[in-house]
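Got the viewer open? Load the model below and select along as we go from stop to stop.

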Amino acid sequence: MRPHIRPTVLTLAATATVLAGTVAPASAASVGSVTITLREAIHALPVAAEDRTGYERTAFKHWVDADADGCNTRAEVLLAEAIEPPAVTGRCTISGGIWHSYYDNSDVQDARTLDIDHMVPLAEAWDSGASTWSAQERQDYANDLGDTRSLAAVSARENRSKADQDPNQWLPTDPGALRRYIEEWTVVKSRWGLSADPGEVTALTDLADSCHDAPITYTPAR
């Protein structure tokens, strides 16, 4: 079970991978964490047209109990993100608790009305490179507890409004969530080596231009 703490501020890595003044791109060969500014990270995303040929949601197995502690990925996120911890009984049955859905700046008291959102939706990941991954890699992506920005407990209405859309098509209801949202989107795409389509890059760039260009840190997943 991962620690029940979700940081809301991006932290700097102890070291950055720098060659000739340029942050090394994320790749399977990357060692350790990568620190880069948001605008640089957006600029570094591979740009490619999306292709949904052959996509099926079942290609991404979730929710799994990777550490065999009785709590699957959905439960792990609920426990990690609760602002008032719920009771946990039996085989990870959750009751009570309060969560903050940052997409719409609302507090939620019933876990049944929360969805666990894949920051970059499964269909979008498929379109952006995951179609070539192994089944295990897609399972790892769909259950990524290695970075707290990959999955988010949000109100079901927001998640279902978002569906499989990228930031060129959908943004959180709360304007105060925009910077965090585009940072987390960019981190997930960078962490997993996913591409972005031209409209998506334009939207991310335009949104980032209105934000302070602070560093972000992530660890490549592949």
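Start with the charged pairs: there are 14 salt bridges here, counting a side-chain nitrogen of Lys or Arg within 4 Å of a carboxyl oxygen of Asp or Glu. Before you click, two notes on the ground rules. This is a predicted model, where local features need pLDDT of at least 70 and side-chain atom pairs count only at pLDDT 80 or more, while totals for chains, interfaces and linings use all residues. Residues are numbered from 1 along each chain as its sequence is written, and side-chain values use heavy atoms, with hydrogens and water left out.

**Stop 1: salt bridges**

Select Asp 144 and Arg 191, whose side chains form a salt bridge at 2.9 Å, N to O. Asp 144 sits in the loop between α4 (135-142) and β10 (151-155), while Arg 191 belongs to helix α6 (residues 178-191), so to speak a link between distant parts of the chain, 47 residues apart. Helices here are DSSP runs of H or I with at least four residues, strands are runs of E with at least two, and both are numbered from the N terminus. Asp 144 and Arg 191 are both buried; that label means under 20% relative accessible area, with exposed over 50% and partly exposed in between (1.4 Å probe, protein chains only).

Next, pick Asp 147 and Arg 149, another salt bridge, with the closest N and O atoms 2.8 Å apart. Asp 147 has a relative accessible area of 8% and is buried. Arg 149 is buried as well, at 9%.

Now move to helix α6 and select Arg 179 and Glu 183, which lie 4 residues apart there, about one turn of the helix. Salt bridges that share partners also join Arg 52, Asp 127 and Asp 164 into one network, so add those three to your selection. Back on the helix pair, the closest N and O atoms of Arg 179 and Glu 183 are 2.5 Å apart in their salt bridge. Which of these two is buried, and which is partly exposed? Arg 179 is partly exposed at 24% relative accessible area, whereas Glu 183 is buried at 9%.

**Stop 2: the disulfide**

Show the cysteines. The structure holds 1 disulfide, meaning a pair of cysteine sulfur atoms within 2.5 Å. Cys 71 and Cys 92 are the partners, with S to S at 2.0 Å. Cys 71 is in the loop between α1 (38-44) and α2 (73-81) and Cys 92 in the loop between β5 (87-89) and β6 (93-95), so the bond ties together parts that are 21 residues apart in sequence. Check the torsion about the S-S bond: at 100°, the link is right-handed. Both Cys 71 and Cys 92 are buried.

Stay on Cys 92 and look at its backbone. Cys 92 has a positive phi of about 65° although it is not a glycine.

**Stop 3: the loop between α1 and α2**

What is the peptide bond from His 62 to Trp 63, cis or trans? That bond is cis, with omega near -10°, and Trp 63 is in the loop between α1 and α2. Ala 68 is found in that loop too, with a positive phi of about 55° although it is not a glycine. For context, most residues other than glycine have a negative phi, and most peptide bonds are trans. Ala 68 counts as exposed, at 65% relative accessibility.

**Stop 4: the cavity**

Select Val 64, Asp 65, Ala 66, Asp 67, Cys 71, Asn 72, Thr 73, Glu 76 and Leu 145, which line the largest cavity. A cavity is a set of points on a 1 Å grid over the protein atoms alone where a 1.4 Å probe fits but cannot get out, and lining residues have an atom within 4 Å of a point. The space in this cavity comes to about 30 Å³, taken as the space filled by probe spheres set on the points, which are joined across faces, edges and corners.

**Stop 5: Asp 174**

Finish at Asp 174, in the loop between α5 (156-162) and α6. Asp 174 touches Tyr 102, Tyr 103, Asp 104 and Asn 105, leaving out residues up to four places away in sequence; a contact is heavy atoms within 4.5 Å. The C-alpha atoms of Asp 174 and Tyr 103 are separated by 5.9 Å, with their positions 71 residues apart along the chain. Asp 174 counts as partly exposed, at 22% relative accessibility.

Terms used. 1 Å grid on protein atoms, 1.4 Å probe; cavity = no way out; pocket = protein on both sides within 12 Å on 5 of 7 lines; lining within 4 Å.
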